[in-house]
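Thank you all for coming; I would like to take a few minutes to walk through one chain with you. Please have the sequence and the structure open while I talk.

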Amino acid sequence: MNDRLYSLIEKLQKERCLSLSEYEYLIGNRCEEAAKMLADAAVVIRKKIYGSSVFVRGLIEISNICKNDCLYCGIRKSNRHCERYRLTEEQILACADEGYSLGFRTFVLQGGEDGYFTDDVLCRIIGEIKSAHPDCALTLSMGERSRESYERLHAAGADRYLLRHETADKEHYRKLHPETMSFEERIRCLYDLREIGYQVGCGFMVGSPYQTDAALAKDLKFIETFMPDMCGIGPFIPHRETPFADEASGEVELTCYLLSVIRLIHPSVLLPSTTALGTIDPRGREKGILAGANVVMPNLSPASVRKKYELYNDKICTGEESAQCKDCLSQRMKSIGYDIVTDRGDIKHFNG
């Protein structure tokens, strides 16, 4: 590791920020020694805040119907080979009830931008889940909506909202999305969510087509300035029915490197080790935790629909029951010295 790289890592640990050019250098000149230094520092600071706890979120994939046509996504509207489904309200509530019995105290309702889920429908579902399980946190990941919609959902009881920005580089965003979508609208949504009072999550793909080190540097700068409560990053994995079908997947090594950097930028951030990491590497989720992540998201969706919610090729855990999924993750975390914790898992603010 050269002297400049070493000094940048030291600066990041002390100041929690770098310039765009410094982030780009940190990414472009990464090496095994730098990755270890970053991961060691990330784990130290995370353990100071969260100990050896890894929070679990019960993921309920409520619909794979989507009005959008994002070029990287397996449930894009142009994919005529996608077997579409939409969970009924009764199925969603049953998933939450089962998750609660297994110890989950945070549920994530995730889906494509499906017009069926109007504010009225979602508010009713939110109300019923919160009425049945008032000690639980409820996260939505339902894409771009109006500010008024976000306000209604928050008033109904939604605590958190996940909306990946995908890339903080405007030109890169245009290469990944149809003309009907805009970078400005995505960022507007994130700031609206923050102002309304949600715990807000953003995030990006690592290794997506046309991505450069400079674009990744902008992602890190955005996280540094926006300071999300949650940040989901994972490797890009192509889907066979998209324009990016023949593109290479992102790298586990770079994803873990960036997880460590994000932990040092924002020590208290809730940082998932994603299913995508586990899809391209059998020990990917463990590697993510060892790089500084502290959240995993087992699937509570009915086993019959899990293969249908295929954002990318060969997604793992599509055949397991909810209890199996949780037990598998628990054993994986124990194997590296961590324990999954099934409480709400709220962010713990850190001033050190």
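I will begin with the chain as a whole and then turn to particular helices, a strand and some single residues.

Let me say at the outset that this is a predicted model, and that every value I quote is computed from it. The chain holds 14 helices and nine strands. Its radius of gyration is 19 Å, close to the 20 Å that the globule rule gives for 352 residues, so the chain is as compact as a globular protein of that length. If we take the principal axes, the C-alpha atoms fill a box of roughly 60 × 45 × 40 Å.

Staying with the whole chain, buried residues make up 60% of the 352 residues, and of the contacts with a separation of 6 or more, 75% are between residues 24 or more positions apart. The accessible surface comes to about 13,900 Å², and carbon and sulfur atoms account for 49% of that surface. As for charge, there are 46 positive and 52 negative side chains, and the centres of these two sets lie 2 Å apart.

Now to the helices, starting with helix 5, which covers residues 119–132. Its 14 residues, at 1.5 Å a residue, should span 20 Å, and the end C-alpha atoms are indeed 20 Å apart, which agrees. The buried residues of this helix are Asp119, Val121, Leu122, Cys123, Ile125, Ile126, Ile129 and Lys130. In thinking about such a list, it helps to recall that an α-helix has 3.6 residues a turn, so residues three or four places apart point the same way. What covers the buried residues of helix 5 includes helix 4 (89–101), strand 3 (106–111), strand 4 (137–141) and helix 6 (147–156).

Strand 3 deserves a closer look, and I would take Leu109, which lies in that strand. Is Leu109 buried or exposed? Leu109 has a relative accessible area of 0%, and is therefore buried. Leaving out residues up to four places away in sequence, Leu109 touches Ile60, Ile62, Ile92, Ile125, Ile129, Leu138, Thr139, Leu140, Ser141 and Met142. Two of these names, Ile125 and Ile129, we have just met among the buried residues of helix 5. Met142 is 33 residues away from Leu109 in sequence, while their C-alpha atoms are 7.5 Å apart in space.

Helix 10 comes next, running over residues 252–265. For its 14 residues the expected span, at 1.5 Å a residue, is 20 Å, and the distance of 20 Å between its end C-alpha atoms agrees with that. Helix 10 is mostly covered, with 13 of its 14 residues buried. In the loop between helix 10 and helix 11 (275–280) we find Ser268, whose relative accessibility of 4% is the reason that this residue counts as buried. Which residues is Ser268 in contact with, if we leave aside its neighbours within four places in sequence? They are Ile49, Tyr50, Arg263, Ile347, Lys348, His349 and Phe350.

Ala215, in helix 9 (residues 213–226), also counts as buried, at 1% relative accessibility. With residues up to four places away in sequence not counted, Ala215 touches Asp169 and His172. Its C-alpha atom is separated by 33 Å from that of Arg84, which is 131 residues away along the chain.

Let me turn to exposed positions. Arg80 sits in the loop between strand 2 (58–63) and helix 4, and with a relative accessible area of 82% it is exposed. Arg80 and Glu241 are 161 residues apart in sequence, yet 8.5 Å apart in space, C-alpha to C-alpha. Gln331, in helix 14, is exposed with a relative accessible area of 57%, and its C-alpha atom is separated by 29 Å from that of Gly207, 124 residues away along the chain.

Finally, a word on backbone angles. Arg16, in the loop between helix 1 (3–15) and helix 2 (20–28), has a phi near 65°, a positive value in a residue other than glycine. Asp314, in the loop between helix 13 (303–306) and helix 14 (322–334), has a phi near 60°, again positive in a residue other than glycine, and Asp314 is exposed, with a relative accessible area of 57%.

Conventions. Residues numbered from 1 in each chain as written. Predicted model: local features only at pLDDT ≥ 70, side-chain atom pairs only at ≥ 80, totals over all residues. Heavy atoms only, no water. Helix = DSSP H or I, 4+ residues; strand = E, 2+ residues; numbered from the N terminus. Rg over C-alpha atoms; globule rule 2.2 N^0.38 Å. Buried < 20%, exposed > 50% of the residue type's maximum accessible area, 1.4 Å probe, protein only. Contact = heavy atoms within 4.5 Å. Areas by Shrake-Rupley, 256 points an atom, 1.4 Å probe, with all protein chains shown as cover. Lys, Arg positive; Asp, Glu negative; His and termini not counted. Charge placed at Lys NZ, Arg CZ, Asp CG, Glu CD. Expected span 1.5 Å × (residues − 1).
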